[in-house]
Amino acid sequence: MAHSIRRDSPELPDFSLLKRLARDQLIYLLEQLPGKKDLFIEADLMSPLDRIANVSTLKQHEVDKLYKVEYKPIISTADQLCFLIRPRIKTVKWICDVANADKAAGKLRRYKIIFTPQKFYACEAVLEEQGIIGDVTTDEWSFYLLPLDDDIISLELPEFFRDNFLAGDQRWVRTAGSALHLLHSLYGPFSKIYGIGRCSKMAYESWREQVEEGEQRARQAEIGKVFLIDRDVDFVTPLCSQVVYEGLVDDIFRIKCGCVEFGPDVTSSDKSIKVMLNSQDRVFNEIRNEHFSNVFGFLSQKARNLQTAYDKRRGMDIKQMKTFVSEELKGLKQEHRLLSLHIGASESIMKKKTKQDFQELLKTEHSLLEGFEIRECISFIEEHINRQVSMIESLRLLCLLSITENGLLPKDYRSFKAQYLQSYGVDHLLTFANLRQLGLLVEQQPGETLTVMESKVGKLVNDKTAGKLTDAFSSLAKKSNFRALSRRLNLVPKSDEEYDLRVPRDMAYIFSGAYVPLSCKLIEQVLERDGWTGLEEVTRLLNGHEFAVTGSNGVDLRGKGDAQRIILVMFLGGCTFSEISALRFLGREKGYKFIVVTTAITSSSRLIEALLDNQV
């Protein structure tokens, strides 16, 4: 059931150091405001902060009361106020309002703003405009990386995707470069860096600048190769329904900072319980990467094994019972509690996801990926919209149809748009504009059918004058070219034979054998080839911006120990739990260990929500 791990599998670096560094720096910044103070924390920083420094740690450093930033007049009576915030203009303006209200009331206080992960010039400009620049002190908490598990690290920047890919705001690129620089400083020189995507290239260049500015210290390498990938290189994968256990738990319950809150329907009580989901949870660790169809069988077997372990008590003498109680009972009780929770979660998922509607949904997705029965898929999506099943799901299916078909026929596009706006409101006109701008939901232009486009691309690819291709390919920037990519990389396995989900044969198992994630397939191909050689057609279809460079110390460290089999993959714009499961599978097959660094965990619903814009 649980995938076996190769005996020669390398050990991962210890990322707990990242937490210790972040905590120590935060404590240092708090102590710059000596004496008692109240701390105001921005809502989306509360969960990450809890993983770094809990309330008792903050209290030890003279934080009296904690408040959530709520953009309304404050009730604190403290003489010193500290604000821990993201560098957002809205929040800075609210702090200015607080300070100016105090001034008007004749109340003297000291104010300190701690921006994380960095402060931007625009925020300081607001402080100056509002006339309080001299009344506050500002600092940066360089909290770039939060380890969520042994092999998952997050920047916890969900806004990165919308800001960078939709709004064209590149302010977070340096943050990504700084995160890479921190990993490089702590875990030694990288031997090779590969990347694809415009944002990846900029993040790499930002990191190189920081390396050149800083001191070079000789360190033992703990990470070998690094792969940077932009989210817009592969939109298909996050638009597909997740069917591995961890992905489904995220879709149904929303995993936040590695934690999930299970409600009364899971806990079989009147209380909700917060559970940390990581490799320390032995039950979860064995099922997290499994296709959901295998999970119940495993949990049933686990329950039987647990019962057998409890039954050992029968016939024990006093000495054996004492040993059992002191050495085994606590562990069995903990395992029993976790097993009950995961059985409850699985039952809840079953109720929501194994209905006829969900099976039809998966069938439609698989048809879109294969390019079969497209008119039937269109009818299904129309029915989905007209029945108002789900605003997010409807958009997700529309985007998947558009990407896999390289855009919608003009009559289909207009029809879908009219039906959607009628079902969910005309205020979603801006959402359609956002999706169009990103190339997620577009209308085919005359003469741009799939065959015509592929033929154009084919001619460009075969053109000997490669230097003249840049302009021609930029005109195809918003075209997905999914079918051509699918054929060249074999993303949709042939469905001639039955796919045994209990014994997966490739990464396609994460989508029931229907599709190998493009992002993960690219990583596999580049690692096999040690670069992009032989993948020229693929990179041109993806609009280029690929690179492969030898590490910062100028020496190729190939063959030096376990580090060369530890691969760090940084997703800029978010990655899904399905992709993480696929990379874990690839690592087990090839003898690698993958570390996934992402700007945030994403999913189809999060991706679409980030692009919703229903303000008229």
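## Gln444 and its two backbone partners

Let's start with a side chain that has company. In this predicted model, a polar atom in the side chain of Gln444 sits 3.1 Å from the backbone oxygen of Glu405. The side chain of Gln444 also has a polar atom 3.0 Å from the backbone oxygen of Gly407.

Where along the chain should you look for Gln444? Find helix H19 (429–438) and helix H20 (450–462): Gln444 belongs to the loop between them. Although Gln444 is in a loop, its relative accessibility is 11%, so it counts as buried.

## A helix under cover

Now turn to helix H26, which spans residues 604–611. How many of its eight residues are buried? Six of them are, so the helix is mostly covered. The buried ones are Ser604, Ser605, Arg606, Leu607, Ile608 and Leu611. As you find them in the structure, keep a general point in mind: an α-helix has 3.6 residues a turn, so residues three or four places apart point the same way.

What lies over these buried residues? Their cover includes helix H6 (159–166), helix H9 (236–239), helix H10 (245–253) and helix H17 (391–404). H19 is also among the elements covering them, and you have met this helix already, at one end of the loop that holds Gln444.

## Cysteines without a bond

A disulfide is a covalent bond between the sulfur atoms of two cysteines. To count as one here, the two sulfur atoms must lie within 2.5 Å. By this rule the model has zero disulfides. Take Cys123, which is in no disulfide: the nearest cysteine sulfur belongs to Cys96 and is 9.8 Å away. Cys123 is also buried, with a relative accessible area of 1%.

Why does Cys259 not form a bond with Cys257? Cys257 has the cysteine sulfur closest to that of Cys259, but the distance is 7.8 Å, which is too far for a bond. Is Cys259 buried or partly exposed? With a relative accessibility of 22%, Cys259 counts as partly exposed, because buried means under 20%.

## Enclosed spaces

The structure also has some empty spaces inside: three cavities of 30 Å³ or more. The largest cavity has a volume of about 40 Å³.

Which residues line this largest cavity? You can pick out Cys240, Ser241 and Val243, then Leu362, Glu365, His366 and Leu369, and finally Phe511 and Ser512. Sorted by type, the lining has five nonpolar residues, three polar ones and one charged one.

Key: Residues numbered from 1 in each chain as written. Predicted model: local features only at pLDDT ≥ 70, side-chain atom pairs only at ≥ 80, totals over all residues. Heavy atoms only, no water. Helix = DSSP H or I, 4+ residues; strand = E, 2+ residues; numbered from the N terminus. Buried < 20%, exposed > 50% of the residue type's maximum accessible area, 1.4 Å probe, protein only. Polar contact = N/O pair within 3.5 Å; in protein donor to acceptor, adjacent residues only side chain to side chain. 1 Å grid on protein atoms, 1.4 Å probe; cavity = no way out; pocket = protein on both sides within 12 Å on 5 of 7 lines; lining within 4 Å. Points joined across faces, edges and corners; volume = space filled by probe spheres on them. Nonpolar A, V, L, I, M, F, W, Y, C, P; charged D, E, K, R; others polar. Contact = heavy atoms within 4.5 Å.
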